[in-house]
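Hello,

I am handing a structure over to you today, and you will find it just below. After it come my notes on what turned up.

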Amino acid sequence: MIQRVQTLYLLAVVILGIALVWLPVVEFITSAEIIDQTDDQLVETIRTWELRPSGVKVVYWVQDTEASYAPVPVQGVWGLTLATLLIPVLALVDIFLFKKRLLQARLNIFSVMFCLGWYGVVAIYIWQAKLAQGVEWYIQPWACIPLVCMVFTLMATRRILKDEALVRAADRIR
């Protein structure tokens with residue numbers, strides 16, 4: 001099982017997928033000018049959030065004098081969490097299906113679709129934040145991990161189908 005190249009590709013997908021859960025994907029920045037009540041001056045407040053599959057984290061904000069409450073630009077990131085967790089789980093299940101190569105190849109195609117769907121879910125959250133609060137957003141370098149996982153999954157699928165062709169050729173010779 002571990003000596004097969006496709007198992008190493010799928011293991012890399014599992015490791016990268018698990019690491020993606022805690023890494024920031026998108027950074028939201030919003031700035032606003034408010035009037036300071038103590039000396040009637042305009043004070044600019046800057047708030048920064050990181051969208052992670054595990055949730056939205058407030059990185060920092062310049063605290064205004066009125067309140068320290070900073071509304072989060074995205075609520076309920078369960079869709080991103082689910083899409084992020086399905087990628088390594090499918091790859092892990094796929095590793096243990098090494099005797100059923102055709103099922104393994106089909107499961108890889110579903111995993112590729114989840115990798116593409118992950119970007120769709122991120123786009124929806126960015127759109128939601130843009131509409132709700134007009135924030136600026138920046139994609140973090142970690143957002144390329146699902147693309148790398150997709151490439152590894154396609155490479156594993158290619159090797160799985162190559163093994164299947166080899167087994168069928170050996171069966172035909174007997």
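The protein exposes about 10300 Å², an area that comes from the Shrake-Rupley method with a 1.4 Å probe, where for residues only the protein chains shown count as cover. Carbon and sulfur atoms supply 67% of that exposed area. Please keep in mind that this is a predicted model, in which local features need pLDDT of at least 70 and side-chain atom pairs count only at pLDDT 80 or more, while totals for chains, interfaces and linings use all residues. Residues are numbered from 1 along each chain as its sequence is written, and side-chain values use heavy atoms, with hydrogens and water left out.

The overall layout is a good place to begin. The protein has four helices and four strands, and along the sequence they follow the pattern α-β-β-β-α-α-β-α. Here helices (H or I, at least four residues) and strands (E, at least two) are DSSP runs, numbered from the N terminus. Of the 174 residues, 39% count as buried; buried means under 20% relative accessible area, exposed means over 50%, and partly exposed lies in between (1.4 Å probe, protein chains only). Among contacts with a separation of 6 or more, 68% are accounted for by residues 24 or more positions apart, a contact being heavy atoms within 4.5 Å.

Next, helix H3, which covers residues 101-133. Its 33 residues should span 48 Å at 1.5 Å a residue, and the end C-alpha atoms are indeed 48 Å apart; the expected span is 1.5 Å times one less than the number of residues. After H3 comes Gly134, with a positive phi near 65 degrees.

Which residues make the nonpolar surface patch of about 370 Å²? They are Ile109, Phe110, Met113 and Phe114. Patches are made of residues with over 30% relative accessible area and no salt bridge, joining like charges within 9 Å and nonpolar side chains (Val, Leu, Ile, Met, Phe, Trp, Tyr) within 5 Å. Ile109 sits in H3 and is partly exposed, with a relative accessible area of 40%.

Helix H4 (residues 145-173) holds Thr157, which is buried at a relative accessible area of 7%. Not counting residues up to four places away in sequence, Thr157 touches Ala105 and Asn108. With the side chain of Asn108, the Thr157 side chain makes a polar contact at 3.0 Å (N or O atoms within 3.5 Å; within protein, one must be able to donate a hydrogen and the other to accept it, and residues adjacent in sequence count only if both atoms are side-chain atoms). Leu154 is also in H4, but is partly exposed at 41% relative accessibility. The C-alpha atoms of Leu154 and Ala105 are 9.2 Å apart, with their positions 49 residues apart along the chain.

Finally, there are four salt bridges, each a side-chain nitrogen of Lys or Arg within 4 Å of a carboxyl oxygen of Asp or Glu. Some details:

- Arg4 pairs with Asp163 (3.4 Å, N to O). This links the segment before helix H1 (5-20) to H4, 159 residues apart. Arg4 is buried at 15%.
- Glu50 pairs with Arg52, with the closest N and O atoms 2.6 Å apart, and both are buried.
- Arg101 pairs with Glu164 (2.8 Å, N to O). Arg101 lies in H3 and Glu164 in H4, so the pair ties together parts 63 residues apart in sequence. Arg101 is buried at 19%, and Glu164 is buried at 12%.
- Arg101, Glu164 and Arg168 are linked in a network of salt bridges.

Best wishes
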